[in-house]
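I opened the notebook to record a few look-ups on helix packing, the nonpolar core and some single residues. The entries follow in the order I made them.

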Amino acid sequence: MKILWLANVPLPEASLLMNQVPTPFGGWLINASKSISSNPNIELWIAFPQKGLRNIEVFEGEDVKYIAFPDLDNSMSLDKEEVEKNKDFNEMVELIKPDIVHIYGTEYIHTLAMVNMCRIKNIHVTIWIQGLISFIANHYMASLPTNIQSQSTFRDLLKRENIMQQQKKFVERGKYEIESLKKVEHVMGRTTWDKACTFIINPDATYYHCNEMLRTEFYQNKWSLEECEKHSIFISQGAYPLKGLHYMLEAMSLLVKNFPRAKVYIGGPDITKLDSIKSKLKITTYGKYLNELIKKYKLWNHVVFLGTLDEKQMCERYLKSNVFVCPSSIENLPNSLGEAMILGVPCISSDVGGVKDLLTHLETGFIYQSDAPYMLAHYISEVFKNEKIALEFSVKSRRKAEDIYNINENTKRLIKIYEEILES
């Protein structure tokens, strides 16, 4: 069986083959690719976009072959023929001649280009739902004040990308997503949310449930209450509104009254910085709003941005944390929540998207209404005050995550789906 995966980013092995520094993104594909390619009956190719290329380039890894293609213009300027009959995608499928093309995600225009090429070449194709940007766009603002939504900083004016314009880009990209999903017969997903959304777009699609695999580091470590930093909170990212960092800051304003040493650690660069002319020119409207909240609630000593973290650094941060929080206004099934759970970190999440398919309220963690930061503060307090709750959540969430993210079982399931698609 010859399989071609279409991914949004290069895997670490591919980056090294191109003499590039590997990125921390798309890590869930690493173990999946290792498991699939270890099957002697499967030949795995992985394609991914690269800026600056004029033609496709092929790289051969230890067990996987990679193919980089010129990044398509995501500004929506491609004409219909370019999307339908892209020469690079034609060259790719002619070179590989895959039995199945498996597309990871619907966020970018290359998904539609590949779907169209597979239809032209009569190749089996399936899409794996990561998030659904056409639905996510509806939740992008995350209850931000109206005046903040329409404001623009110098950076936003220069890039024509204030918060409202960012949401509009999601809406525009969502049109390509909808067209892609309407054209495929087979879709893979993980949650009730992505299944429901898929059938709204394409009620005739065959939906296959298949869980993901996490990065290796998270299967090899275990959280300990004794070794964590007490009253510390970890959020994996917060660079744009739907990730809900502003909700977390509202919750922190309540928490610090009872826990004066509480700190929230955020993965990613500090988007609130205003300590130099350069940072003032680069700040986004959302970053400026967060900065204002930090000042308003006097949270300077309670908020720590960690910068971009690699796999090992992320794992270390989870293990140091008293609680992991996912305060998003929408998610499908965040891998960050799965990583925290399989380590045994006590978890709290907003009740959005497919979260309830992973986290069970009062059993494996706390779930709260996404736009109620006062409830988030309450549940964090419960974890901080009650070690018994923290330990029970740790044991039960780890057990559930080990089942959901089982590498062997998920590999078998994925191969079974491929076989069913070929038989169809």
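I began with the cut-off for burial: a residue counts as buried when its relative accessible area is under 20%. I also noted that I am working from a predicted model.

Entry, N291. I asked whether N291 is buried or exposed. Its relative accessibility is 12%, so N291 counts as buried. I placed N291 in helix α13, which covers residues 285–296. Leaving out residues up to four places away in sequence, I found that N291 touches T272 and L274.

Entry, V9. I found V9 in the loop between β1 (2–6) and α1 (12–17). The relative accessible area of V9 is 23%, and therefore I logged V9 as partly exposed. I then looked up which residues V9 touches, not counting those up to four places away in sequence. They are F25, G26, F48 and P49. I also checked V9 against A47, which is 38 residues apart from V9 along the chain. Their C-alpha atoms are separated by 8.7 Å.

Entry, α14 and α15. I took helix α14 as residues 311–320 and helix α15 as residues 335–343. Their axes come within 10 Å and cross at roughly 60 degrees. Because of that angle, α14 is oblique to α15. I noted the crossing of α14 with α15 as right-handed. On the α14 side I listed M314, C315, Y318 and L319, which meet S336, E339, A340 and L343 of α15. Sorted by class, this contact has six nonpolar residues, one polar and one charged.

Entry, α15 and α17. I next followed α15 to helix α17, residues 387–404. The two pack with axes 6 Å apart, at an angle of about 120 degrees. That angle is why I put α15 down as oblique to α17. The crossing of α15 and α17 is left-handed. From α15, the residues G338, M341, I342 and L343 meet S397, R398, A401 and E402 in α17. By class I have four nonpolar, two polar and two charged residues in this contact. I marked L343 in my list, since L343 of α15 appears in the contact with α14 and also in the contact with α17.

Entry, nonpolar core. How many residues does the largest nonpolar core have? I recorded 83 residues. Those with the most contacts inside this core are M114, I233, M248, I348 and I380. I looked further at I380, again not counting residues up to four places away in sequence. I380 touches I233, M248 and I348, and also L255, V323 and V325.

Terms used:
Residues numbered from 1 in each chain as written. Predicted model: local features only at pLDDT ≥ 70, side-chain atom pairs only at ≥ 80, totals over all residues. Heavy atoms only, no water. Axes fitted to C-alpha atoms, helices over the stretch in contact; angles between N-to-C directions. Helix = DSSP H or I, 4+ residues; strand = E, 2+ residues; numbered from the N terminus. Parallel < 35°, antiparallel > 145°, perpendicular 65-115°, else oblique. Left-handed = near helix turned anticlockwise from the far one by under 90°. Contact = heavy atoms within 4.5 Å. Nonpolar A, V, L, I, M, F, W, Y, C, P; charged D, E, K, R; others polar. Core = buried A, V, L, I, M, F, W, Y, C linked by side-chain atoms within 4.5 Å. Buried < 20%, exposed > 50% of the residue type's maximum accessible area, 1.4 Å probe, protein only.
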